[in-house]
Amino acid sequence: MAQQERAIRTRRAILEAAGAVFDEHGYASTTISMVLERADVTKGALYFHFSSKESLAQAVLDEQVPFGAVPEQPCKLQEIIDMTFVVAQRLLTDSLLRGSVRLTVDQATPPGVDHSGPFRQWAERLTVLMEQARGQGELLPTVQPRDTVELLVGGFAGIQLMSRALTDRTDLAHRISVLWSHILPSIAVPGLLLGLDSRADRGLRVLSAVPVP
């Protein structure tokens, strides 16, 4: 059991180190040696868990969506809002999430690395919630859940890229708040708007009740 726990900790340490290096250097410029140095593990330990740089990058990508975990809300639109702010807040400090997001938009990743996966996974997760929101009468009748979700996922991806380039994401929460201020009146029933919380500090407040993934 102790050996298994040690292996789990080692794998996590490698993933976090890889996330940091991928975030800083991108896929093409990252080397296994750089990850080994950052993780402070042996080559044998790394290759026990990951057979190649490609498999390591894929594992980093596969870790992304759980970072959006938030407490369930009776209002499903609020739950979706909370997910965006929690991810934005975690992008400020979590190296694994930062590396995963960098790989998602990195066009230099080879065909063997599915960097489009997180886009699909986010869309699938959020579409379920958006469909629930529609079933609960939270959405205007003209809203198409899948189309709305894909607009939101794409908008978030672009906004976080711009925020990273301009301020190293220090203004990302504000930018997400502005995004919601334009989207919500187009999708939510009027009676719901005043009760939805999309203020820039929402992520900080939600995270106090969210366990670290």
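**Exercise 1.** In this predicted model, determine which charged end sits over the ring of Y27 and how far it lies from the ring centre.

*Solution.* The group to locate is the charged end of K53, which sits over the ring of Y27 at 4.2 Å from its centre. A charge is counted as sitting over a ring when the NZ of Lys is within 6 Å of the ring centre and within 35 degrees of the ring normal. As for the ring's own residue, Y27 has a relative accessibility of 5% and therefore counts as buried.

**Exercise 2.** Classify the pair formed by the rings of F22 and Y27 as stacked, tilted or edge-to-face.

*Solution.* A pair of aromatic rings is described by the distance of the centres and the angle of the planes. The count of aromatic pairs comes to 1, and in it the centres of the F22 and Y27 rings are 5.9 Å apart while their planes meet at 5 degrees, so the pair is stacked. The cut-off applied in this step is that planes under 30 degrees apart count as stacked. F22, at 0% relative accessibility, counts as buried.

**Exercise 3.** Describe the surroundings of Q58, beginning with the helix in which Q58 lies.

*Solution.* Q58 lies in helix α4, which covers residues 53-62. Its relative accessible area is 19%, and because buried means under 20%, Q58 is buried. Leaving aside residues up to four places away in sequence, Q58 touches G112, V113 and D114. With D114 there is also a polar approach, since a polar atom of the Q58 side chain lies 2.7 Å from the backbone nitrogen of D114.

Note on methods. Residues numbered from 1 in each chain as written. Predicted model: local features only at pLDDT ≥ 70, side-chain atom pairs only at ≥ 80, totals over all residues. Heavy atoms only, no water. Helix = DSSP H or I, 4+ residues; strand = E, 2+ residues; numbered from the N terminus. Buried < 20%, exposed > 50% of the residue type's maximum accessible area, 1.4 Å probe, protein only. Polar contact = N/O pair within 3.5 Å; in protein donor to acceptor, adjacent residues only side chain to side chain. Contact = heavy atoms within 4.5 Å. Phe/Tyr/Trp six-rings, centres within 6.5 Å; stacked < 30°, edge-to-face > 60°.
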